[in-house]
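Student: Could you walk me through this one? I'd like to go slowly and ask things as we go.
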Amino acid sequence: PIFSKKNTLFGASSLSRKNKTLRKTLVLVEGYFDALSLHDIEIDAVCTMGTAISLEQLEKAARLVGHGGILVLCLDSDDAGVNAMERLCAGTIFWTLLKR
């Protein structure tokens, strides 16, 4: 496919161009406006483009912060956000990422 939401993090390419060094902290949010609002106050953020968080997106975010960096997940408090956080905490995605 030409474009796949599950493989894309909005804002990742601008962060890569802005500063070639790894981030100490990166905030992963759900929506475009969330990421843009954080960028406005100079907080490094990317978003999942309105999709459930995929393993590919987490891997890409983890590469942006590198070893020792902090990845902050800041999801909406609606059903989708709560379900995504429960999946992450249950380990269906998170522990798979750690094993790689």
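Tutor: Before we start, a term: helices here are DSSP runs of H or I with at least four residues, numbered from the N terminus. Please also keep in mind that this is a predicted model.

Student: Okay, so how many helices and strands does the chain have?
Tutor: There are five helices and three strands in the chain, and along the sequence they follow the pattern α-β-α-β-α-β-α-α.

Student: Where is Asp 34 found?
Tutor: Asp 34 sits in helix 2, which covers residues 32-40.

Student: And does Asp 34 count as buried, exposed or partly exposed?
Tutor: Its relative accessibility is 31%, and because partly exposed means between 20% and 50%, Asp 34 counts as partly exposed.

Student: Which residues gather with Asp 34 on the surface?
Tutor: Asp 76, Asp 78 and Asp 79 join Asp 34 there, and together they form a patch of negative charge.

Student: Switching to the inside, what share of the residues counts as buried?
Tutor: Of the chain's 100 residues, 36% count as buried.

Student: Which residues of the largest nonpolar core touch the most other members?
Tutor: That core has 14 residues, and those touching the most other members are Leu 9, Leu 26, Leu 28, Val 46 and Ile 53. At least two core residues each come from helix 1 (12-18), strand 1 (25-29), helix 3 (55-65) and helix 4 (79-90), with helix 3 giving the largest share, four residues.

Student: Which residues of helix 3 are buried, then?
Tutor: They are Leu 55, Gln 57, Leu 58, Glu 59, Ala 61, Leu 64 and Val 65.

Student: And what follows helix 3?
Tutor: Gly 66 follows helix 3, and the phi of Gly 66 is positive, near 70°.

Definitions and conventions: Residues numbered from 1 in each chain as written. Predicted model: local features only at pLDDT ≥ 70, side-chain atom pairs only at ≥ 80, totals over all residues. Heavy atoms only, no water. Patch = residues over 30% accessible without salt bridge, like charges linked within 9 Å, V, L, I, M, F, W, Y side chains within 5 Å. Areas by Shrake-Rupley, 256 points an atom, 1.4 Å probe, with all protein chains shown as cover. Salt bridge = Lys/Arg side-chain N within 4 Å of Asp/Glu carboxyl O. Lys, Arg positive; Asp, Glu negative; His and termini not counted. Charge placed at Lys NZ, Arg CZ, Asp CG, Glu CD. Buried < 20%, exposed > 50% of the residue type's maximum accessible area, 1.4 Å probe, protein only. Core = buried A, V, L, I, M, F, W, Y, C linked by side-chain atoms within 4.5 Å.
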